[in-house]
Amino acid sequence: MRAVAVDNPLASYSAASSSTSTTSAASDAPEASEILSKAKTSALAAKSGAFVGQVDQSGKTIKIDFKGTSDGKNADITIDMEGDGKARVISLSDAVYIQADAEFWKKQGAPASVQKAGDKFIKAPSSAGAMTESLSLKTFLENAFGAVTPSQPAKDVATVDVNG
């Protein structure tokens with residue numbers, strides 16, 4: 001992916017071919033903080049979404065693959081926590097189902113019967129329903145946007161190559 005911001009390419013042509021001066025398109029460009037604010041508003045208005053990403057937390061990498069609704073009532077989430085196992089959570093309006101590896105169940109202190117479930121889905125107790133809100137699209141987005149302050153984005157315009 002390549003992101004490029006360019007001044008008005010006709011500005012230099014117009015200035016060279018006539019005595020009329022032009023202004024740069026960059027002066028009309030919105031501030032990064034304004035773009036961030038609009039992106040946050042638009043993202044939080046979404047009813048559903050999907051993303052894949054990772055977060056480094058306390059020196060460990062957590063990989064997340066999320067597909068679901070903003071309220072978390074319908075979601076398919078895979079979480080791979082370095083050193084703490086991997087789990088898939090399927091949240092439906094009436095129940096939550098969890099499929100996890102032995103490492104995850106052990107770290108969560110699950111009963112032995114659950115730890116022996118292998119690759120089967122386990123219906124979570126009704127008390128796990130509160131978990132769906134913490135795993136909702138809205139919560140993920142609020143945490144992501146909350147980690148970026150308006151003063152963090154760069155003030156200047158530049159060209160950046162990402163992955164070639």
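Hi everyone, let me begin with a hairpin: strand 3 and strand 4 form one with five residues between them, and G72 in the turn has a positive phi of about 80 degrees. Strands and helices here are DSSP runs, numbered from the N terminus (E, at least two residues, for strands; H or I, at least four, for helices).

A quick word on the source. This is a predicted model, where local features need pLDDT of at least 70 and side-chain atom pairs count only at pLDDT 80 or more, while totals for chains, interfaces and linings use all residues. Residues are numbered from 1 along each chain as its sequence is written, and side-chain values use heavy atoms, with hydrogens and water left out.

Back to the strands. Strand 3 and strand 4 pair in the antiparallel sense over seven bridges, where pairing requires that DSSP finds at least two bridges between two strands. One of the bridge partnerships sets K67 against D76 in strand 4. On the other side, strand 4 runs antiparallel to strand 5, joined by seven bridges, and M81 stands opposite G85 in strand 5. These two strands also form a hairpin, with three residues between them, and G83 in that turn has a positive phi of about 80 degrees.

Which side chains of strand 4 are buried, and which are not? A75, I77, I79 and M81 point to one face and are buried, while D76, T78 and D80 point to the other and are not. For the cut-offs, buried means under 20% relative accessible area, exposed over 50%, and partly exposed in between, with a 1.4 Å probe and protein chains only. In a regular strand the side chains alternate between the two faces of the sheet.

Now the charges. How many salt bridges does the structure hold? There are five, counting a side-chain nitrogen of Lys or Arg within 4 Å of a carboxyl oxygen of Asp or Glu. One of them joins D84 to K60, with the closest N and O atoms 3.8 Å apart. D84 sits in the loop between strand 4 (75-81) and strand 5 (85-92) and K60 in strand 3 (residues 60-69), so this pair ties together parts that are 24 residues apart in sequence. Both ends are partly exposed: D84 has a relative accessible area of 22%, and K60 has 35%.

D84 also meets K107 in a salt bridge, at 3.8 Å from N to O. K107 belongs to helix 3 (residues 102-107) and D84 to the loop between strand 4 and strand 5, so here the parts tied together are 23 residues apart in sequence. That gives a network of salt bridges linking K60, D84 and K107. Another salt bridge brings K67 and D65 together at 3.1 Å, N to O.

Finally, the rings. A search of the whole structure finds four aromatic pairs. F51 and F66 have ring centres 5.3 Å apart and planes at 15 degrees, so the pair is stacked. By definition, rings of Phe, Tyr and Trp (its six-membered ring) pair if their centres lie within 6.5 Å, with planes under 30 degrees apart stacked, over 60 edge-to-face and the rest tilted. F51 is partly exposed at 28%, whereas F66 is buried at 0%. F66 pairs with F140 too, edge-to-face, at 5.5 Å centre to centre and 70 degrees between the planes. This links distant parts of the chain, F66 in strand 3 and F140 in helix 6, 74 residues apart. To close, ring pairs link F51, F66 and F140 into a cluster. Thanks for listening!
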